[in-house]
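Colleague: I'm new to this one and would like a close look at a single part before I try to take in the whole thing. Could you walk me through it slowly?

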Amino acid sequence: MMDAQAPITQDVLTIPRKAVEGLPNLVGMTREAMRAALIAAGTPEKQAKMRVGQIWQWIYHWGVRDFALMTNLAKDYRAMLAANFVVAVPEVVTRQLSGDGTRKYLVRIAGGHEVEVVYIPETDRGTLCISSQVGCTLTCSFCHTGTQKLVRNLTSAEIIGQVMVARDDLGEWPVQGAPKDETRLLSNIVLMGMGEPLYNFENVRDAMKIAMDPDGIQLSRRRITLSTSGVVPEIARTAQEIGCQLAISFHATTDEVRDKLVPINKRWPIADLLDALRSYPKVSNSERITFEYVMLDGVNDSDADARRLIKLIDGIPAKINLIPFNEWPGAPYRRSSNNRIRAFADIIYKAGYASPIRTPRGEDIMAACGQLKSATERARKSKAQIAQEAGL
């Protein structure tokens with residue numbers, strides 16, 4: 001029976017916001033939406049598809065924001081575009097650089113709200129961790145982001161805009177006339193920032209389709225990972241409509257513990273979640289589902305937990321990402337010891353699953369997993385308050 005206190009999808013509207021100038025933003029529109037907008041602004045229907053292709057390439061391949069620079073369009077057409085539309089991305093308020101090379105951006109969006117975006121450079125890839133909501137719908141007790149109330153969903157423009165802002169900072173838009181450079185500083189996207197992506201499905205889907213479009217940013221669907229706490233009804237849709245890699249914020253092997261750590265579990269318990277996951281790889285042809293498991297001292301890190309985890313995921317192509325808990329002010333938990341994490345990883349590895357231990361990145365700038373929180377809305381709670389809310 002469903003717990004009466006279980007979290008539900010909040011009735012949050014994503015109001016299509018117009019840019020400061022009051023003109024619609026071409027960023028974030030699907031190709032179909034852009035075509036309709038161009039026709040409404042006076043583009044002849046027969047030309048509209050071609051115009052979308054040209055503008056799309058300027059915005060998402062070359063990174064151009066000024067219509068005047070879109071030189072394969074006639075001057076009067078460029079003037080029409082400038083009179084009717086904008087090409088706008090979120091504003092970077094602060095940029096912090098960690099000692100390990102991690103970059104954290106605080107970006108401001110419509111309404112003055114702020115979200116955090118993190119770029120993590122590694123030897124073989126560069127991963128951008130993007131946000132899907134201001135604040136979060138969920139109240140996972142180990143997560144700092146979850147102590148900030150949900151303000152609103154991000155629009156598709158605000159989601160893909162985070163990728164564009166990072167490419168600006170990395171100087172990664174190609175230069176016309178220069179030899180093609182195949183190295184990618186930003187090669188992977190993870191939807192693991194602020195918010196639950198599957199409570200903002202349509203906007204996340206539209207933004208990721210833009211990221212995957214072959215005429216623009218050109219990221220393969222295998223280089224995009226969506227992390228969900230387990231919004232079961234939207235998991236099949238993710239496979240069908242996005243087809244990206246899937247990661248699950250799992251973190252516990254019994255419903256009793258997971259109810260406290262990830263309260264959405266009260267609505268969709270472990271058995272229901274695993275049923276949905278068993279059919280996911282077949283639909284999206286995904287390689288493996290990643291199970292994220294934060295290591296909390298004395299809470300979920302015993303040998304018995306490791307053995308239960310192996311039994312639960314039986315039959316699911318999976319890898320287990322072990323995450324040493326990243327502490328934050330007032331956190332009601334402690335990080336498991338290195339020896340305990342290694343022992344846990346060893347049990348999983350011997351059962352035939354990859355069990356990498358994630359190296360915490362950007363801790364010195366509060367950019368590590370579960371630490372993101374917009375500084376302007378950092379509602380300080382006492383340790384006792386957080387513990388009480390977590391039912392500890």
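Which residues of helix H1 (residues 31-40) are buried?

Modeller: Happy to, and keep in mind that this is a predicted model. The buried residues of helix H1 are Met34, Ala37 and Leu38. Around the helix axis they cover an arc of only 100°, so they sit on the same side of H1. That fits a general rule: an α-helix has 3.6 residues a turn, so residues three or four places apart point the same way. Turn to the other side of H1 and you find Glu32 and Ala40, which are exposed.

What lies over that buried side? The cover includes helix H2 (45-61) and helix H3 (75-84). Just after H1 comes Gly42, with a positive phi of about 115°.

Now let's put that helix in its setting. The protein chain has 11 helices and 11 strands. It has 392 residues, and 54% of them count as buried. If you take the contacts between residues at least 6 apart in sequence, 68% join residues at least 24 apart.

Next, the sheet. Nine of the strands, written as 9 strands in an open sheet, follow the order S1-S2-S3-S4-S7-S8-S9-S10-S11, and the pairing is mixed. Strand S1 (91-97) and strand S11 (318-324) stand at the edges with a single partner strand each, so one side of each has no neighbour in the sheet. From one strand to the next, the twist averages 20°.

Start at the S1 edge. S1 and strand S2 (residues 103-108) run antiparallel and are joined by 6 bridges. To find one of the partnerships, look at Thr94, whose bridge partner in S2 is Leu106.

Then jump to the other edge. Strand S10 and S11 run parallel, with 7 bridges between them. Here Thr290 has Lys319 in S11 as its bridge partner. To get from S10 to S11 the chain passes through helix H9 (residues 303-312), making a right-handed β-α-β crossover. S11 may be an edge strand, but 6 of its 7 residues are buried, so the rest of the structure largely encloses it. Helix H10 (residues 338-350) packs on the sheet and touches strand S10 (289-295) as well as S11. The direction of H10 makes about 180° with that of S11.

Last, a few positions marked in the UniProt record, in an unreviewed entry. UniProt places "active site" at Glu116 and Cys369. Glu116 is in strand S3 (residues 114-121), and its relative accessibility of 4% makes it count as buried. For "binding site", the same kind of unreviewed entry lists Cys136, Cys140 and Cys143. Cys136 is in the loop between strand S5 (133-134) and strand S6 (152-153), and Cys143 is in the loop between S5 and S6 too. Cys136 is buried at a relative accessible area of 11%, and Cys143 is buried at 16%.

So, back to where you began: on H1, Met34, Ala37 and Leu38 are the buried residues, with H2 and H3 among the parts that cover them.

Notes. Residues numbered from 1 in each chain as written. Predicted model: local features only at pLDDT ≥ 70, side-chain atom pairs only at ≥ 80, totals over all residues. Heavy atoms only, no water. Pairing = 2+ DSSP bridges. Helix = DSSP H or I, 4+ residues; strand = E, 2+ residues; numbered from the N terminus. Axes fitted to C-alpha atoms, helices over the stretch in contact; angles between N-to-C directions. Contact = heavy atoms within 4.5 Å. UniProt positions renumbered as here; feature names shortened; annotations may be inferred. Buried < 20%, exposed > 50% of the residue type's maximum accessible area, 1.4 Å probe, protein only. Right-handed = clockwise from strand over helix to strand, strands pointing away. Arc of directions from axis to C-beta.
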